[in-house]
Amino acid sequence: MSNKEPTTPPLPGTVPDQMFPALTSAQQARVAAHGRARQAEAGEIVFEPSHGNKFFVVVTGQLDALGLSEHGEELVASVGPGMFTGEMNVLSSRHGLLRIRAAQASELIEIDRGKLVALIQTDSELSDIFMRAFLLRRMNLIARGIGDLVLIGSNHSLDTFRIKEFLTRNYQPYSYIDLERDADVQELLDRFSVAISDLPVLICRGSVVLRNPANQAIVRCMGFNEAIDQTHVRDMIVVGAGPAGLAAAVYGASEGLDVLVLESNYPGGQAGASSKIENYLGFPTGISGQKLAAGAYTQAQKFGAQILIAKDAKGLACDRRPYNVEIDNGERIPARAIVIATGAQYRKLPLENLSRFEGAGVYYGATHLEAQLCGGEEVIVVGGGNSAGQAAVFLAQTARRVYMLVRSGGLAESMSRYLIRRIEESPTIDLRTNSEGTSLEGTDHLERVQWRNNKTEDVETHNVGALFSMTGAVPNSSWLKGCVACDAGGFIKTGLDLSPEDLAGAHWPLARAPYLLETSLPGVFAIGDVRGGNVKRVASAVGEGSIAVSFVHRVLGE
Ligand SMILES: Cc1cc2nc3c(=O)[nH]c(=O)nc-3n(C[C@H](O)[C@H](O)[C@H](O)COP(=O)(O)OP(=O)(O)OC[C@H]3O[C@@H](n4cnc5c(N)ncnc54)[C@H](O)[C@@H]3O)c2cc1C
């Protein structure tokens, strides 16, 4: 193996030098000023993933990065003189994913995570080199299924789907072994003393066996949140890491605020469920929601925002300042300003046995993850809005037929013209107006769907294994338990929408009126889809995130 060349195959379309660049001696000197020199013997383990995170630049010699895949430990990449270790986790204070071993006697520069983040924030040339390499390396690990997680499950299991979705949307590389398809599965189950009834099982860091773990247990095992201090008073807590919350985090942290984000699930919110967002400024060929969210998530961390994953805000202690966001077990996190960006959640179809098939045939997002499960088959999309239109057009690329069920008489009232045209022109999409689903059938997985035409009263039953439900959303505001004024639909009122009665009812204490996006509580803002009068667009959610931060500065100065 050469000293200089990485062994990793490049991702299609990437330039290997961007994933494994070599720093010039001037660049190495700038890094060295923040770190310390270190020697390593041939074969020495210089970094274990369980020991937090460290970053190394190779001055002479070679480091090997070793990761776990379904085949056991394998060489992921080698870096030679001028090259550096690290991927996305180095920014987020999480444990590393790979073991680092000196392939030969080496001279290194070692830097602690905090100093590396400070360097990235101040040195834009190094920031570009490091950020691009870290992102490409993470994508490469995901594509190759190398990390420290092995999931064993079944494509027919709802919990397997939940765990896959949680890991994918948190950008965690993992290898997947399917009970029905992989011959070696029994050997692996025996090795970890796991019964088939325990599945799905997640083997975390090569040793900890989690049997059908809740998302919170996965997060604990991976140490996602453990390095984040939850006790000190923050300048700003952002609740929700959809486009609105991530934008507030990026603008807030980049403008020097101490920002903590709480997210119940995974970053990206509803936008993360979109296969392709085509109307977001600056992306003429469209961008997938997950890609957009991944970039925003990384950007927020680059500027120093901290993000707690799988952490629900359960309430807001709003009787005195600083306000406290209540999380699990009565724990509270204090902050001088709060930005509520909890968005909305999908409306559920009124079908009796719906919950049995959620994740096992009924889906609320149409991304590559779901499309993979139903390629070449007939599928149904329910809904007449833009998200339903996008899903139908996306699925039509791989499905045999897409039935689109719409309760109204047409799409013109509810959908953008460009999507209507694509639906009309697609030979694969079969639009059924005045129609709604009436029953779902199947054993472990959805197998048949019945629907009715409300105009003709015709009933049809089709053998369909995937139904995509895209019928709008309701605001996630109930956790606030009346702390802020809401409209009749539960959307949070802000700024000029707050009437004198709302303000009197909330005992608004200040001489000034609420700022734009400020709720009936001073210093508490609401942005994006949870706000009354929102326009359900990624761009407006992002814009509101940036506007709210400008008013947070004013509130902190009051
Ligand atoms: C399939 C689909 C396709 C779409 N396509 C487009 C498009 O092409 N163009 C466009 O402009 N818009 C599109 N939209 C709309 C757009 O995605 C939304 O308007 C946007 O995501 C709203 O952002 P948000 O941050 O306000 O809320 P959300 O995206 O809803 O995010 C809210 C976040 O808050 C978290 N959360 C909720 N409650 C809590 C709590 N108590 N504690 C902690 N966290 C919590 C949620 O888990 C979520 O991550 C689409 C929507 C969908 C569903």
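At 2% relative accessibility, Phe166 counts as buried in this predicted model, and its aromatic neighbour makes a good starting point for a tour of the fold. That neighbour, Tyr266, has a relative accessible area of 13% and is buried too, since the cut-off for burial is under 20%. The ring centres of Phe166 and Tyr266 lie 6.4 Å apart with planes at 55 degrees, so the pair is classed as tilted. Phe166 sits in helix α6 (residues 158-169), while Tyr266 belongs to the loop between β13 (259-263) and α10 (289-302); the pair thus links parts of the chain 100 residues apart.

A search of the whole structure finds 14 aromatic pairs. Among them, Phe55 and Phe134 have ring centres 6.1 Å apart and planes at 80 degrees, so this pair is edge-to-face. Because Phe55 lies in strand β3 (residues 54-60) and Phe134 in helix α5 (residues 124-144), the contact ties together parts that are 79 residues apart in sequence. Phe55 has a relative accessible area of 0% and is buried; Phe134, at 0% relative accessibility, likewise counts as buried. Ring pairs join Phe55 and Phe134 with Phe84 and Phe130 into a cluster.

Turning to the strands, an open sheet is formed by five of them in the order β19-β26-β20-β21-β22, with parallel pairing. The edges are taken by β19 (362-363) and β22 (429-432), each of which has a single partner strand, so one side of each is left without a neighbour in the sheet. Strand β21 (residues 401-405) is joined to β22 by four bridges, and Val402 stands opposite Ile429 in β22. Across β20 (378-382), β21, β22 and β26 (466-469) lies helix α13 (residues 386-395), running at about 165 degrees to β20.

Further along the chain, helix α16 (residues 538-557) holds Val549, which counts as buried at 0% relative accessibility. Leaving aside residues up to four places away in sequence, Val549 touches Met236, Ala248, Tyr251, Gly252, Glu255 and Leu257. The C-alpha atoms of Val549 and Gly533, 16 residues apart along the chain, are separated by 19 Å.

For the protein as a whole, the secondary structure comes to 16 helices and 28 strands. The radius of gyration is 25 Å, which agrees with the value near 24 Å for a compact globule of 558 residues. The C-alpha trace spans about 80 × 70 × 45 Å along its principal axes, and 56% of the residues count as buried. Of the contacts between residues at least 6 apart in sequence, 68% join residues at least 24 apart. The accessible surface comes to about 23,700 Å², with 50% belonging to carbon and sulfur atoms.

Definitions and conventions
Residues numbered from 1 in each chain as written. Predicted model: local features only at pLDDT ≥ 70, side-chain atom pairs only at ≥ 80, totals over all residues. Heavy atoms only, no water. Pairing = 2+ DSSP bridges. Helix = DSSP H or I, 4+ residues; strand = E, 2+ residues; numbered from the N terminus. Contact = heavy atoms within 4.5 Å. Axes fitted to C-alpha atoms, helices over the stretch in contact; angles between N-to-C directions. Rg over C-alpha atoms; globule rule 2.2 N^0.38 Å. Buried < 20%, exposed > 50% of the residue type's maximum accessible area, 1.4 Å probe, protein only. Areas by Shrake-Rupley, 256 points an atom, 1.4 Å probe, with all protein chains shown as cover. Phe/Tyr/Trp six-rings, centres within 6.5 Å; stacked < 30°, edge-to-face > 60°.
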